[in-house]
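Me: I should like to learn how to read the features of a protein model. May we work through one together?

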Amino acid sequence: MKVAENTVVVIDYTLTNNEGEVIDTSDGAGPLAYLQGFGNIIDGLEEALEGKQAGDKVKASIEPAKAYGERHDEMAQEVPKELFGGVENIELGMQFESETDDGPVMVTVVAITDDMVTVDGNHPLAGVHLNFDVTVREVREATEEELAHGHVHGDGGHHH
Ligand code: ZN
């Protein structure tokens with residue numbers, strides 16, 4: 001069976017950036033199961049896997065537009081530390097929900113000085129070129145329940 005819309009795809013993957021650093025891998029965590037055509041994974045990887053079958057090895061080099069989008073520098077801003085009055089220790093990498101004109105946005109603390117904190121509303125992988133090394137383990141038809149839920153049930157998917 002080939003990967004097509006409405007199929008369940010089970011993959012092993014390693015994701016690296018252009019510097020060769022591993023950003024994420026299924027190694028150790030176990031394979032990932034996703035539903036093709038439902039936006040469970042980034043667009044670029046769905047495109048690269050379309051038409052593949054169990055046993056295929058796929059290398060995909062994906063530009064930010066088909067991954068987590070471009071970086072928008074204006075989405076990073078410096079705010080006074082006192083605005084975080086309720087937070088005892090602000091640390092790099094902490095995430096907060098911030099209210100904006102476009103609704104709530106997750107922001108990440110990327111810099112701290114004595115009295116200022118820089119928060120960044122970009123996805124941590126925005127602007128990053130992603131290189132996937134994928135092995136397709138299994139392709140099967142999705143169940144009606146999986147299609148209704150928009151995600152895979154069982155190993156590598158949702159448990160509920
Ligand atoms: Zn479900």
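Me: At what N to O distance do the side chains of lysine 59 and aspartate 133 meet in a salt bridge?

Reply: Side chains of opposite charge can pair when their charged atoms come close. A salt bridge here is a side-chain nitrogen of Lys or Arg within 4 Å of a carboxyl oxygen of Asp or Glu. For lysine 59 and aspartate 133, the N to O distance is 2.9 Å. Lysine 59 lies in strand S4 (residues 57-62) and aspartate 133 in strand S9, so this pair ties together parts that are 74 residues apart in sequence. Strands are DSSP runs of E with at least two residues, numbered from the N terminus.

The model is predicted: local features need pLDDT of at least 70, side-chain atom pairs count only at pLDDT 80 or more, and totals for chains, interfaces and linings use all residues. Residues are numbered from 1 along each chain as its sequence is written, and side-chain values use heavy atoms, with hydrogens and water left out.

Me: Is aspartate 120, the partner of arginine 71 in a salt bridge, buried or exposed?

Reply: Buried means under 20% relative accessible area, exposed over 50%, and partly exposed in between (1.4 Å probe, protein chains only). Aspartate 120 counts as buried because its relative accessibility is 7%, whereas arginine 71 is partly exposed at 37%. Their closest N and O atoms are 3.0 Å apart.

Me: What other salt bridge should I examine, and which residues form a network?

Reply: The side chains of arginine 140 and glutamate 146 meet at 3.0 Å, N to O. Glutamate 146 is buried at 2%, and arginine 140 is partly exposed at 25%. Salt bridges that share partners join Arg71, Asp73 and Asp120 into one network. The count of salt bridges comes to six.

Me: Where is phenylalanine 132 found, and how far is its C-alpha atom from that of alanine 60?

Reply: Phenylalanine 132 is found in strand S9 (residues 130-141). Its C-alpha atom and that of alanine 60 are separated by 5.1 Å, although the two residues are 72 apart along the chain. Phenylalanine 132 counts as buried because its relative accessibility is 8%.

Me: What is the phi of asparagine 6?

Reply: Most residues other than glycine have a negative phi. Asparagine 6 has a positive value, near 75 degrees. Asparagine 6 is found in the segment before strand S1 (7-16) and is partly exposed at 33% relative accessibility.

Notes: Helices (H or I, at least four residues) and strands (E, at least two) are DSSP runs, numbered from the N terminus.
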